[in-house]
Amino acid sequence: MNDATSSTLDTNASVTTVPVHAQRRVSYEFDTKATRADLAIPYVVIVNGKVQGPDKPRRLSRENRKIAVTVEAGSKVALYLNSDVHPNHRRNPVYEVTVNDKNVSVKITEKTGNDDPDPPTLKPVPATLSLSPDTDFYTAKLTGNIWMTISHRYTEAEANALLPANTDPVVRKAVCSIYRGLGVGKLDIPLRGESGVLHVSFINQGNPQANISRCSLSNDVLPRTHPWAFMALFDMARDTQLSQLHITSCWRPSLGSIAHRAGLGIDIDVVATSNKRININRVGLTVPDTSDNPNITTHEKELLAACTNARLQEKLHRDKEIREAAKANCDSWENEVEKNEPQLIRSIRRKLQALEVVEQILDPWYIELNTKDSKSQKTNAQSSDNERIHKDHLHITIKDAKIYD
């Protein structure tokens, strides 16, 4: 049975030809296991020179290491990556491919070392029976040199414009001098009133030099660090009357989370006032027996061992009495940490927490992943990778939603 109603085209009607373009799928797959398998690289996709909407940076996730887009045949596709996703920084598109009569698949593999100056060039994969006949396959590298290409280098004018209008003139002058170019890895900043000078030392970190063919601390590393990071540290240092501040890591290409690689992370390992010096270090906390680290007591180590064992028993038995015992043991250890934390470190953390631009504070005493939420900071037991990484320095992450949110 046919219920369709028949019809006849009006002889006066016009016919419009609508071109139908073939659609092709382009995918980029990232392998960053050389440094960090779940690296959350920010990205935006460009098709024929235009950023695809919505124009907001996305990022790779632990579960999904692919970027995929459907375009018309004949299109050119490329990526803005890392801090280049910021609308004001989009000058270096990478991994461009022209789509013809097949889909395109690009496998990008991170490589360490500084002996590979290759640009982000796509190389065809020789055809094999295992490859799909309707797809062109390419490979490309992600090297330290490419990381430097996709990491924005701030100018002095940009730094000056980014600093809030109410920035202390002394701090503004110090921050801008970094982007003008420091002759040496040191900077002296007057403290408030006439109470002395803050001596800032920039330690020549090894990661950029080990992974970039030509790299300078003053010309390449420091200027790729967000100006808010230096502003935050200098504001804090002047408020707490520090006389010494050691900055050990700023922008770097091939180590750790995306915070440092996007210029949003900065580390310090030594602070001092006119009468006290502290190495920000609690190495040895989880090592049995005694320790010569002045930031750790034998009693605290015993309390942590009891806490760790109680938590293990809690996981094994899930009994109310055991759960209460675990809480009591761990509360005792956390109280001991709080009691013995240097007052200067506590003051530094509170000053940093109050700054709008600071999102995270990670140090040997406490781990705070979000300074703006209502959750309490977590005591650093050096039990997770993130806790162990921050057993010997204090790290802050700057929040710039136009790069990473």
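**Note on a predicted structure**

1. The largest pocket encloses about 790 Å³ of space. The model in which this pocket was computed is predicted, and every value below should be read with that in mind.

2. Which residues lie nearest the centre of the largest pocket? They are Arg-36, Ser-257, Ile-258, Gln-360 and Tyr-404, and they belong to a lining of 32 residues. By chemical class, the lining of the largest pocket divides into 12 nonpolar, 10 polar and 10 charged residues.

3. Four elements of secondary structure each give at least two residues to the lining of the largest pocket. Two of these elements are helices, H7 (258-261) and H11 (385-389). The other two are strands, E16 (358-362) and E19 (394-398).

4. Helix H6 (residues 227-239) takes part in two helix pairs described here. In one pair, H6 packs with helix H10 (residues 343-353) at an angle of about 130°, and the axes are 9 Å apart. An angle from over 115 to 145 degrees falls among those counted as oblique, and H6 and H10 are therefore oblique to each other. Their crossing is right-handed.

5. In the other pair, helix H3 (residues 169-180) meets H6: the two axes come within 10 Å and cross at roughly 140°. That angle makes H3 oblique to H6. As H3 passes H6, the crossing is right-handed.

6. Two features of the backbone deserve a student's attention. As background, most peptide bonds are trans, and most residues other than glycine have a negative phi. Is the peptide bond from Gly-53 to Pro-54 cis or trans? The bond is cis, with omega near -5°. Pro-54 is placed in the loop that connects strand E3 (50-51) with strand E4 (58-59).

7. The second backbone feature concerns Asn-82, whose phi is positive, at about 60°, although this residue is not a glycine. Where does Asn-82 lie? Its place is in the loop between strand E6 (76-81) and strand E7 (94-98).

8. Finally, an annotation may be set beside the model. According to the unreviewed UniProt entry, a "coiled-coil region" covers residues 309-336. In the model, the span 309-336 is 93% helix and 0% strand. The C-alpha atoms at the two ends of residues 309-336 lie 17 Å apart. The name of the region comes from the record, whereas the helix content and the end-to-end distance are computed from the model.

Conventions:
Residues numbered from 1 in each chain as written. Predicted model: local features only at pLDDT ≥ 70, side-chain atom pairs only at ≥ 80, totals over all residues. Heavy atoms only, no water. UniProt positions renumbered as here; feature names shortened; annotations may be inferred. 1 Å grid on protein atoms, 1.4 Å probe; cavity = no way out; pocket = protein on both sides within 12 Å on 5 of 7 lines; lining within 4 Å. Points joined across faces, edges and corners; volume = space filled by probe spheres on them. Nonpolar A, V, L, I, M, F, W, Y, C, P; charged D, E, K, R; others polar. Axes fitted to C-alpha atoms, helices over the stretch in contact; angles between N-to-C directions. Parallel < 35°, antiparallel > 145°, perpendicular 65-115°, else oblique. Left-handed = near helix turned anticlockwise from the far one by under 90°.
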